[in-house]
Amino acid sequence: MILPGSASQSLGAALADELDETLAVVETERFADGEFKLRVPDAGGERAVVVAATTSAAAHLELLQLQDLAQESFDEVVTVLPYMGYARQDQAFRDGEPVSARAVARAISTGTDRVLAVNPHEPDVGAFFDVPFETVDATPLLADPLPAIENPLFLAPDEGATDLARGVRDAYGAGTTDYFEKTRDYDTGEVRVAPAGTDPAGRAVVLVDDIVATGSTMSAAIDQLYERDAAAVYVACLHPVFADNARAKLADAGVAGLWATDTVERPVSAVSVAPALAEHL
Ligand code: R5P
């Protein structure tokens, strides 16, 4: 049985189809103090697959509740984290800080036999789990919506995302890759991107990153590329967090096309990771 968190209902349904398993309809009861309780009336069987993008504090609590009922009602519990929240906080950056990714990984480990996570921001977070952990790479799927383009340029907005850009290029089967130099002013939040080594003039560019959060990184990159006469700039990302006005920022910058996976369910989530997950289930 597939048990979806409320932020992963479409992916849960796609996974149920892919695996030919039952999709649980999870009921939620809310209390006056803001607490909530989940219920799956017909829970039971050999295996529960709990699928929950932990995009908020409430989503973390839903996940823990789903795991708890799964452990009581099924022989095996697999937890799928399409998007792992707090995965960027994989170390204490200053004295006196917790390692937030470790804190959530330890909590999640108590309720499951194993964990699958789709491209966590820091792959090393797997070491924080106390149960077997596997990463599912959805990068090649991002090539699917790309229209036919002659010799596209796949650009990572920073050096850390270069492998992602290369992964999409390889799946597309044509084009070249490069990356931007990025600096962020932590006082103002402003992101500055230095021009890439490749000249984008006249070329179609596909910007590839794992997360679009505020959209500052991508909109700054789009601006730079159009200033350097790129023919068209597309954006492909794995996890469309899209906080605040990110979608409008990209539209304002003139993005020619935008798509992402359903690890975070947004209107731009055109690509399902269900087939890639199914291979690991
Ligand atoms: C950072 O390392 C990530 O890969 C993304 O580049 C970042 O999360 C994007 O953030 P924003 O959309 O807020 O610029």
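## The interface between the domains

About 890 Å² is buried between domain 1 and domain 2, and carbon and sulfur atoms give 62% of that area. On the side of domain 1, Y83, N119 and A138 together supply 52% of what this domain buries against domain 2, more than any other three residues. Please keep in mind as you read that this is a predicted model.

Which residues make up the face that domain 1 turns to its partner? The residues of domain 1 that touch domain 2 divide into five nonpolar, two polar and two charged. In terms of contacts, nine residues of domain 1 meet 11 residues of domain 2. The interface between the two domains has zero salt bridges, but four residue pairs are in polar contact across it.

## Where the domains lie

The domain assignment places residues 2–138 in domain 1 and residues 140–262 in domain 2. A138, one of the three residues named above for their share of the buried area, is thus also the last residue of domain 1 in that assignment. Between the C-alpha centres of the two domains the distance is 29 Å.

## A hairpin in domain 1

Let's turn to a local feature. Strand β2 covers residues 27–30 and strand β3 covers residues 36–39; the two pair in the antiparallel sense over four bridges. One of the partnerships to look for joins E27 to R39 in β3.

The two strands form a hairpin, with five residues between β2 and β3. What is the sign of phi at G34 in the turn, positive or negative? G34 has a positive phi of about 100°.

## Salt bridges

How many salt bridges does the structure hold? There are six, and one to look up is the pair E21 and R47, whose side chains meet at 2.7 Å, N to O. E21 sits in the loop between α1 (9–19) and β2, while R47 belongs to strand β4 (residues 45–51), so this salt bridge ties together parts that are 26 residues apart in sequence.

Notes: Residues numbered from 1 in each chain as written. Predicted model: local features only at pLDDT ≥ 70, side-chain atom pairs only at ≥ 80, totals over all residues. Heavy atoms only, no water. Domains from an automatic or database assignment. Contact = heavy atoms within 4.5 Å. Buried area = accessible area lost by both parts, 1.4 Å probe. Salt bridge = Lys/Arg side-chain N within 4 Å of Asp/Glu carboxyl O. Polar contact = N/O pair within 3.5 Å; in protein donor to acceptor, adjacent residues only side chain to side chain. Nonpolar A, V, L, I, M, F, W, Y, C, P; charged D, E, K, R; others polar. Pairing = 2+ DSSP bridges.
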